[in-house]
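Before reading on, take a moment to look at the model from several sides. The report below moves from the whole chain to a few of its parts.

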Amino acid sequence: MAAVKLSRVIEKMKLENLTPEIDLKGIKIIQPDINRPAIQMTGYFEHFEATRLQIIGFVEYTYMQGMSDEKKKEIYTRLLSYDIPAIIFCRELQPDEYFKQLAIENHVPLLMTKKATSVFMAETIRWLNVKLAPCISVHGVLVDVYGEGVLITGESGIGKSEAALELIKRGHRLVTDDVVELRKVSDDTLVGSAPDITKHFIELRGIGIVDVKALFGVSSVKDTQSIDLVIKLEEWDKDKEYDRLGLEEEYTEYLGNKIVYHNIPIRPGRNLALICESAAINHRQKKMGYNAAQELYTRVQNSLAKKREEVDE
């Protein structure tokens with residue numbers, strides 16, 4: 001099961017630790033959803049998702065402030081008896097001393113952010129969705145070409161890294177070479193990234209390891225990119241039929257998500273970088289509503305219909 005350390009959340013979201021007495025080692029977040037314990041403050045604890053991050057906004061805070069001491073003792077004790085990963089106070093709101101004391105006794109970290117509640121929730125959920133998304137590793141190269149995420153796959157030595165290097169020279173951006181970590185952040189979106197060890201490096205046979213960021217600058221690399229198109233490179237087979245029109249899209253599947261797929265045959269003299277660029281632009285055109293293959297098909301059909309009319313006349 002994927003998990004994110006609480007210390008990483010604190011670092012990423014720039015949170016202030018209100019309970020430094022509590023050891024944060026071993027505390028992990030296991031789901032991206034969060035909870036605002038407003039209804040729990042009224043005493044309703046059925047279906048309470050204690051494993052989520054708990055967010056205290058202005059509404060919850062003012063309700064807590066208006067509770068009697070007896071009610072505070074009852075609700076606070078019950079709330080903090082759960083194994084909560086952390087409670088975060090937004091808008092720089094401060095918990096009262098009794099709440100803080102009980103939190104320390106029950107080893108529930110209290111954190112604080114300056115951000116408004118809705119803004120903080122949106123940022124946290126988006127970030128946790130990416131970090132906790134289902135993940136697989138595939139062999140290939142991921143490049144951002146004109147804003148389209150192009151995943152280049154194929155057997156070792158086919159020329160994936162060389163194609164990526166030429167694309168970088170043309171002004172496009174490398175995300176990762178050799179190993180691509182794919183995360184399913186939604187039913188429609190796959191996001192690719194590089195393992196920390198190989199980030200910004202390319203392996204070129206006969207030369208060795210190349211640091212793309214050092215050679216071409218920070219504008220030549222990118223940390224993450226959604227996958228829009230998969231291009232598989234393979235050796236040219238003269239006996240195999242290749243699609244020459246592209247009227248029907250082919251798809252491949254990763255983590256249950258379908259991605260547009262092109263099978264590109266490799267032959268001496270073919271410019272792989274140019275082909276990848278053209279595929280990316282063509283894919284972008286289709287998303288914008290223009291399909292070149294369909295346009296050609298329509299022209300041919302109109303021409304045939306015109307000729308038939310002339311024959312009938």
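What follows describes a predicted model, beginning with the chain as a whole and ending with a single residue.

## The chain as a whole

The protein chain contains nine helices and 19 strands. Its radius of gyration is 27 Å, well over the 20 Å that the globule rule gives for 313 residues, so the chain is more spread out than a compact globule. The C-alpha trace, followed along its principal axes, spans about 95 × 60 × 30 Å.

Of the 313 residues in the protein chain, 44% are buried, while the accessible surface comes to about 17800 Å², with 49% of that area belonging to carbon and sulfur atoms. When contacts between residues at least 6 apart in sequence are considered, 68% of them join residues that are at least 24 apart.

## An open sheet of four strands

Four strands are arranged in the order 8-12-13-16 to form an open sheet, and their pairing is antiparallel. Strand 8 (135-139) and strand 16 (224-226) stand at the edges with a single partner strand each, so one side of each has no neighbour in the sheet. On average, and with direction ignored, neighbouring strands of this sheet are turned by 30° against each other.

Within this sheet, strand 12 (residues 179-184) and strand 13 (residues 190-193) run antiparallel and are joined by four bridges. One residue to look for here is Lys184, whose bridge partner in strand 13 is Leu190.

## The buried face of helix 2

Helix 2 covers residues 58-65, and its buried residues are Glu60, Tyr61 and Met64. Seen down the axis of helix 2, these buried residues fall within an arc of 100°, so they line one face of the helix. It helps to recall that an α-helix has 3.6 residues a turn, so residues three or four places apart point the same way.

The buried residues of helix 2 pack against two strands and two helices, namely strand 5 (53-56), strand 6 (87-89), helix 3 (69-79) and helix 4 (97-105).

## Leu15, a buried loop residue

Leu15 lies in the loop that runs between helix 1 (6-13) and strand 2 (16-17). Is this residue, Leu15, buried or exposed? Its relative accessibility is 9%, and because a residue counts as buried under 20%, Leu15 is counted as buried.

Leaving aside residues up to four places away in sequence, Leu15 touches Val9, Ile10, Ile88, Leu111, Met112, Thr113 and Phe120. Leu111 is a useful example, since Leu15 and Leu111 are 96 residues apart in sequence and yet 6.2 Å apart in space, C-alpha to C-alpha.

Conventions: Residues numbered from 1 in each chain as written. Predicted model: local features only at pLDDT ≥ 70, side-chain atom pairs only at ≥ 80, totals over all residues. Heavy atoms only, no water. Buried < 20%, exposed > 50% of the residue type's maximum accessible area, 1.4 Å probe, protein only. Arc of directions from axis to C-beta. Contact = heavy atoms within 4.5 Å. Pairing = 2+ DSSP bridges. Axes fitted to C-alpha atoms, helices over the stretch in contact; angles between N-to-C directions. Rg over C-alpha atoms; globule rule 2.2 N^0.38 Å. Areas by Shrake-Rupley, 256 points an atom, 1.4 Å probe, with all protein chains shown as cover.
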